[in-house]
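Biologist: Before I rely on any labels for this protein, I would like to hear how each one is justified.

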Amino acid sequence: MAIVDVTVIPIGTQGPSVSEYVAEIQKVLEVYKRERKIDFMLTPMNTIIEGELSVLFEVIQAIHEVPFSNGIQRVATNIRIDDRRDKKRSMAEKVTSVREKLNENKNSSPSRVDISPE
């Protein structure tokens, strides 16, 4: 199972907000999720999608097309792929792993990091 971080950027919108395009993209993702092909999570800056890599490429193409089907003439899509093959880990499992490590660190001796400018 792979995880992709995708940002679809419609270029040439009437204003600075792109939330209407993001909403349309989320509708496409919901269809794939209902078909049990992917899981996804919307964040303020991107969408994280998990599934089989071949399906993810299909999904990326589908969501890349959304702004075009809504009248936009240019779209830039940024993609980052995490494809780990030694073990299957879901988005939730990866987050849980980090949280567990944070809890372990809380229980160990405190460390101080000084971030003040010199």
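**Reasons behind the labels**

Modeller: The charged end of K33 sits over the ring of F40, 5.6 Å from its centre, and I should say at once that this is a predicted model.

Biologist: What makes K33 count as sitting over the ring of F40?

Modeller: The distance from the ring centre is 5.6 Å, and the limit for such a placement is within 6 Å, together with an angle within 35 degrees of the ring normal; K33 is therefore described as sitting over that ring.

Biologist: Why is Q26 called buried?

Modeller: Q26, which is found in helix 1, has a relative accessible area of 12%, and because buried means under 20%, Q26 is called buried. Leaving aside its neighbours within four places in sequence, Q26 is in contact with F40, L42 and T47.

Biologist: And why is R36 called exposed?

Modeller: The relative accessible area of R36 is 78%, and exposed means over 50%, so R36 is called exposed. R36 is found in the loop between helix 1 and strand 2, and has a positive phi of about 60 degrees although it is not a glycine.

Biologist: Which residues touch the most other members of the largest nonpolar core?

Modeller: Of its 19 residues, V6, L29, I38, I49, V59 and I63 do. The elements giving two or more residues to this core are strand 1, helix 1, strand 2 and helix 2, and helix 2 gives the most, with 6 residues. Leaving aside neighbours within four places in sequence, V59 is in contact with L29, Y32, I38 and I49.

Key. Residues are numbered from 1 along each chain as its sequence is written. This is a predicted model: local features need pLDDT of at least 70, side-chain atom pairs count only at pLDDT 80 or more; totals for chains, interfaces and linings use all residues. Side-chain values use heavy atoms; hydrogens and water are left out. A nonpolar core is a set of buried Ala, Val, Leu, Ile, Met, Phe, Trp, Tyr and Cys residues joined through side-chain atoms within 4.5 Å. Buried means under 20% relative accessible area, exposed over 50%, partly exposed in between (1.4 Å probe, protein chains only). Helices (H or I, at least four residues) and strands (E, at least two) are DSSP runs, numbered from the N terminus. Contact means heavy atoms within 4.5 Å.
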